[in-house]
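Visitor: I would like to learn how to read a model feature by feature. Where do we start?

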Amino acid sequence: MHRLKESVPALAVIAAVIALWWGTVLATHSLIFPTPWAVVTGTWELIENGTLWQHISASLMRVGVGFGLAVCVAIPLGLWMGWMHGAYRTLNPLFQILRPISPIAWIPIAILWFGVGDASPIYLIFISSVFPMIVQTTVGVHTIEKRYLRAAENFGVSRRTLFSRVVIPAVLPQVVVGMRIGLGVAWLVVVAAEMIALHSGLGYMIMDSRNAGNRYDLVIAGMIIIGLIGLSLDGVMRLLERMRWVRWRYAP
Amino acid sequence: MRPKIEVREVGKGFVSDRGRLEVIRNVSLSVRDGEFVAIVGPSGCGKTTLLNLIAGFIAPDTGTIFIDGAPHSKPSLRGILISQQGSVFPWLTVRENLMFGLNGHAAGSTLADRYAEIVGLTGFEDSYPHELSGGMLKRAELARALVVKPEILYMDEPFSALDALMSLRMRNELLRILAKERHTVMLVTHDVEEAIHLADRILVLSSRPTRIQAAFDVRFAHPRRLSSAAAQDLRVAILRELGVDHDDPA
């Protein structure tokens, strides 16, 4: 009941935006821009003919593979760079140059290297999500409080124990932050990548709906679905913050 | 008799933006086995640096530190440091923290629970540090140090973050434990009363570059009455060494 009460202002803002949208479309007698109800019926149409699930699962598959690969590379690399000063000094300048390059700028290279299949968007997702995770993990290792490392040194634990029982748990909250950022970027990028030369996915669905008969009801339906899935993915990542070795960071 | 700790002509400086800062100059001292030595001195004089040197966390520029007659340069289980900030791992439970230094000891869990009991943390073995009060956290830190049976306890203003009542309670707790378990203790504190309450000997450091300015034996038996005339006289003498007049309102 309390949570419902807390949600009332947010729901009221959403309702106001929908009302404004609806009112504006009716007042301007727009023939192209859809009303919210047209978006609902358009979404239902996509659900009924089964294409919505195909597009959602295609996008999720690409994000899953690209992001999964990025996690497998970024976390060990970030730990290594954080722990070994030589590795940091050697690799950090390169990553700092590559990091600000927009994933969109990589599209021509991705098509050149991987063609127009699934590999290109997967590569784009990988390249866009790997850097935030490397940076967060590295920063996480660099910012471990010295008092904990000193205590471990005092107790004479092995390097393996130091890493598994001190370094990794101390860094995990930062890793999770990096994963949240990385997944958010990955979801942004997959939609952009699918707008180019692909035949499935939510990005493709949006472009196809516009190109094939100005179906802006489906364009907006696609946009809203992208937003809701993005929110759900972030919710899943937030569940990681409840993990035993992460939640200490968020304790009052 | 050979001292437990011997500091021989130790010096230490640090490089700062304003050049080299000499913190400790030619300090020599020795601590007997089982003795409780408190180090007091003006703020920033290098008390913590001296303790870190003795514990092996930093290396001296000059001089040598001996433990049981052997040169000592690295921290080890023989001497555990308890710092003001505390270093109980927040991602481990109390029991796991206590077992941390036992390195897979077969009876680790039993030992951990026993020391949790000794410091009055029974019932909180499975709690996380963020679920404990400041005083309980200090107890956990003390238990984690004691469970590995160190010969020396290095204590750097261990109770200064606690309120006065909790600090007094922790001091009594420490004395109770030390009456049962033999440890050599080096305590750094800015609290002269705390030093008189706990220590067998009090060393007063000068301002930087620090050296030992005075040493006082504390000959009263435990439990000590800090309000006694002798304790008050000692307090005044120590404060005078620190440059504070005893009736100074500050």
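Visitor: Through how many residues does a hairpin join β9(B) to β10(B)?

Guide: First, a caution: this model is predicted. Now the hairpin. Follow the chain out of one strand and into its partner. Here six residues make the link from β9(B) to β10(B). The two strands pair in the antiparallel sense, over five bridges. Within that pairing, I202(B) has F216(B) of β10(B) as its bridge partner.

Visitor: Which strand does β9(B) run parallel to?

Guide: Look for bridges to a further strand. Strand β3 of chain B, residues 36-40, runs parallel to β9(B), and four bridges join them. One bridge partner of V37(B) to note is R201(B) in β9(B).

Visitor: Is β9(B) mostly covered or mostly open?

Guide: Check burial residue by residue. β9(B), residues 201-205, is mostly covered, with four of its five residues buried.

Visitor: What is the order of strands in the open sheet of four strands in chain B?

Guide: Read a sheet from edge to edge. The order is β2-β1-β4-β5, and the pairing is antiparallel. β2 and β5 of chain B are the edge strands, since each pairs on one side only.

Visitor: How do side chains sit in such a sheet?

Guide: In a regular strand, side chains alternate between the two faces.

Visitor: How many bridges pair β1 with β2 in chain B?

Guide: Nine, in the antiparallel sense; β1(B) covers residues 5-16 and β2(B) residues 19-31. Their hairpin passes through two residues. V15(B) stands opposite R20(B) in β2(B). At the other edge, β4(B), residues 62-67, pairs with β5(B) over two bridges, again antiparallel. There, I67(B) faces A70(B) as its opposite residue.

Visitor: Which helix lies across β1, β2 and β4 of chain B?

Guide: Compare the helix axis with a strand axis. Helix α1 of chain B, residues 47-55, lies across these three strands and runs at about 120° to β1(B).

Visitor: At roughly what angle do α3(A) and α9(A) cross?

Guide: For two helices, read both the approach and the angle. The axes of α3(A), residues 51-83, and α9(A), residues 202-211, come within 7 Å and cross at roughly 135°. The pair therefore counts as oblique. In the contact, H55(A), I56(A) and S59(A) of α3(A) meet L202(A), Y204(A) and M205(A) of α9(A). By class, the contact residues are four nonpolar, two polar and no charged.

Visitor: How many residues of chain B are in contact with chain A?

Guide: Count each side separately. Chain B contributes 18 residues, in contact with 15 residues of chain A. The chain B side has 11 nonpolar, seven polar and no charged residues.

Visitor: Which residues have the most contacts inside the largest nonpolar core?

Guide: Look for well-connected residues. I39(B), A143(B), Y154(B) and M186(B) lead in this core of 119 residues. Helix α8 of chain A, residues 159-194, gives the largest share, 17 residues. Take I39(B) as an example. Beyond its neighbours within four places in sequence, its contacts include K47(B), L50(B), M186(B) and L203(B).

Visitor: Why is L91(A) partly exposed?

Guide: Count the surrounding C-beta atoms. L91(A) has 16 others within 10 Å, so it is partly exposed; a buried residue needs 20 or more. L91(A) is placed in helix α4 of chain A, residues 85-98.

Visitor: How far apart in space are L91(A) and G184(A)?

Guide: Keep sequence and space apart. C-alpha to C-alpha, L91(A) and G184(A) are 24 Å apart, with a separation of 93 residues in sequence.

Definitions and conventions:
Residues are numbered from 1 along each chain as its sequence is written. Chains are lettered from A and ligands numbered from 1 in the order in which they are written. This is a predicted model: local features need pLDDT of at least 70, side-chain atom pairs count only at pLDDT 80 or more; totals for chains, interfaces and linings use all residues. Two strands pair if DSSP finds at least two bridges between them. Axes are lines fitted to C-alpha atoms, for helices over the stretch in contact, and angles run from 0 to 180 degrees between N-to-C directions. Angles under 35 degrees count as roughly parallel, over 145 as roughly antiparallel, 65 to 115 as roughly perpendicular and the rest as oblique. Two residues are in contact if their C-beta atoms, placed from the backbone, lie within 7 Å. Ala, Val, Leu, Ile, Met, Phe, Trp, Tyr, Cys and Pro count as nonpolar, Asp, Glu, Lys and Arg as charged, and the others, Gly among them, as polar. A nonpolar core is a set of buried Ala, Val, Leu, Ile, Met, Phe, Trp, Tyr and Cys residues joined through C-beta atoms within 7 Å. A residue is buried if 20 or more other C-beta atoms lie within 10 Å of its own, exposed if 12 or fewer, and partly exposed in between; C-beta atoms are placed from the backbone.
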